[in-house]
Amino acid sequence: MDELLKKSLTSEEAAEIKQDQVLTTIAFGSCNKQDAPQPLWEPILANKPDLWLWLGDNIYGDTHDMQEMKAMYLQQKYQTDYQKLYKSIPVLGIWDDHDYGINDGGKNFSKKRESQDLMFDFLDAPQDLPERKTEGTYQSYTIGPEGKQVKFILLDTRYFRDTLTDSSVPGKRYEVDPEGDMLGEAQWQWLENELSESTAQLHIIASSIQVIAEDHGFEKWANFSSSRERLFQLITSTQAEGVIFLSGDRHIGEISKINIAGVPYPVYDITSSGLTHAYEAADEENRHREGELVATLNFGVLKIKWEPNLQVTASIRGKENQVYQQAELQFP
C-alpha cells in the first residue's frame, strides 16, 4: 500500500474522451470492493464499450480519514484487470455513500470537500476542471457529432442531500419525507439549464440511487417525494429528448419503467449494482420493474443504434457476459 501511495493520482496512460466520437456502446456498474475479487472487467471489455461509467460505491471507504480513502482509491485504480479497461477506454463517474465516506451519508458529512477532491483524482479529472472548484461533484459531458449526440448528466446525490427519516417499521430503513431535498438548489438550477440548453438526442442521467423504484424501504429518490416529482417535471418542462436513468447502490440489477405525464416516451431506470458482491437473497416488490430482479454479480450495457431511428438496447449482464435482463428503448 505504501508503494501505491507514492504513485501519482493522475496517469498519462488514461484513455481520453473524443468529443466527436459516435457512441454505440456504453458500459456501467457500481458497488465495487477494492480488496475483493473483481471478475467482471473481462466480460465488460468483451462488449467493446466506448466508455465506462461508474455509478458509485466505486470503492468501499466509509472513513473520515482521507489518507486512508486515498489509499483505497489507489488500490482500485491499480487493480490489474481494471487497469486494462482504464487504459483502453475513457472513464466517467459519480460517487455513492461508501466512496463518499459514510454509509447513507448526506450533506452533514464533515469531510465531503476533501472526499470530492479524491473522487476527481480517481477519475483523472483535469486539475483545471471547473467542477473541482465548486461544491459538489455533478458534471455533464456531450459526446458525438451533430444529430448523434449523447449527453451524460452526472448527478451528486450526496453532497447536498437532506437527512433521511428513520423508520420504525421492521425491514424498512427509511420513511418518505415530502419536504426533503436531494440535490440542493444550485444543482437543481444547473440541471434545468443542462436539459433546456441541450442539443443532444440522448440524455443519460446518472444517479447513484434508484430514481423510479418506490416500494422498497432503503435509499431511493422516492424517500424525498417532492424531489422525485421535481425531477420528472423537469424532463417534461424542458422537453428533453431520449432520457434514460442509470442507477446503482442496491446490490441488485433491475430495469424499471415509468410513464411521465407530458413525456412522449416511457422513461427507464437501469439499475446495475454488484460488481464484486450482490444481495443474493433479494426478493422485493417494485411495481415499475420490467422482467425479473437480478440477484447476482452484474454490470450494465447500453447499445445505441442511431439509424434509421434512435433505439437503445439496455441489458444487465453477468460473469460469462450472459444477458440476465434486457429492454428495447425506442424514442419518437
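## A tour of side-chain contacts and strands

Start by selecting glutamate 254 and arginine 289: both are buried (under 20% relative accessible area, with exposed meaning over 50% and partly exposed in between, for a 1.4 Å probe and protein chains only). This is a predicted model, where local features need pLDDT of at least 70, side-chain atom pairs count only at pLDDT 80 or more, and totals for chains, interfaces and linings use all residues. Residues are numbered from 1 along each chain as its sequence is written, and side-chain values use heavy atoms, with hydrogens and water left out.

**Stop 1: salt bridges**

Stay on glutamate 254 and arginine 289. They form a salt bridge, with the closest N and O atoms 2.6 Å apart (a side-chain nitrogen of Lys or Arg within 4 Å of a carboxyl oxygen of Asp or Glu). Glutamate 254 is in strand S10 (residues 253-258) and arginine 289 in strand S12 (residues 289-294). The pair links distant parts of the chain, 35 residues apart. Strands here are DSSP runs (E, at least two residues), as are helices (H or I, at least four), numbered from the N terminus.

How many salt bridges does the structure hold? There are 18.

Next, select aspartate 124 and lysine 77. Their side chains meet in a salt bridge, 2.9 Å from N to O. Aspartate 124 lies in the loop between H6 and S4, while lysine 77 belongs to helix H3 (residues 66-77). The two are 47 residues apart. Aspartate 124 is buried, at 17% relative accessible area. Lysine 77 is buried too, at 1%.

Now go to lysine 148 and glutamate 307. This salt bridge spans 3.2 Å, N to O. Lysine 148 is in the loop between S4 and strand S5 (150-154), and glutamate 307 is in the loop between strand S13 (299-305) and strand S14 (311-317), so the pair ties together parts that are 159 residues apart in sequence. Is glutamate 307 buried or exposed? Glutamate 307 counts as exposed, at 53% relative accessibility. Lysine 148 counts as partly exposed, at 25%.

One more selection: Asp96, Arg158, Arg161 and Glu219. Salt bridges link these residues in a network.

**Stop 2: aromatic rings**

A search of the whole structure finds 16 aromatic pairs (ring centres of Phe, Tyr and Trp, the last by its six-membered ring, within 6.5 Å; planes under 30 degrees apart are stacked, over 60 edge-to-face and the rest tilted). Select tryptophan 95 and tyrosine 100. Their ring centres are 4.8 Å apart and their planes stand at 70 degrees, so the pair is edge-to-face. Tryptophan 95 is buried, at 0% relative accessible area. Tyrosine 100 is also buried, at 0% relative accessibility.

Move to tyrosine 138 and tryptophan 190. This aromatic pair is tilted, with 4.8 Å between centres and 55 degrees between planes. Tyrosine 138 sits in the loop between helix H6 (112-122) and strand S4 (139-143), and tryptophan 190 in helix H7 (residues 185-196). They are 52 residues apart. Tyrosine 138 is buried at 12%, and tryptophan 190 at 15%.

For a group of rings, select Trp41, Trp52, Trp54, Tyr73, Tyr82, Tyr86 and Phe122. They form one aromatic cluster.

**Stop 3: charges over rings**

Select lysine 112 and tyrosine 159. The charged end of lysine 112 sits over the ring of tyrosine 159, 4.3 Å from its centre (NZ of Lys or CZ of Arg within 6 Å of the ring centre and within 35 degrees of the ring normal). Lysine 33 does this with tyrosine 60, at 5.9 Å from the ring centre.

**Stop 4: strand S13 and its partners**

Colour S13. Five of its seven residues are buried, so S13 is largely enclosed by the rest of the structure. Strand S1 (residues 25-29) runs antiparallel to S13, joined by four bridges (two strands pair if DSSP finds at least two bridges between them). Look for phenylalanine 28, opposite glycine 300 in S13.

Then add S14. S13 and S14 pair in the antiparallel sense over seven bridges. They form a hairpin with five residues between them. Threonine 313 in S14 is the bridge partner of lysine 303.

**Stop 5: the nonpolar core**

Finish with Trp52, Leu53, Phe152, Leu191 and Leu202. Of the 93 residues in the largest nonpolar core, these touch the most other members (a core is a set of buried Ala, Val, Leu, Ile, Met, Phe, Trp, Tyr and Cys residues joined through side-chain atoms within 4.5 Å). Zoom in on leucine 202. Leaving aside neighbours within four places in sequence, its contacts include Val150, Ile244, Ile304, Trp306 and Phe331 (heavy atoms within 4.5 Å).
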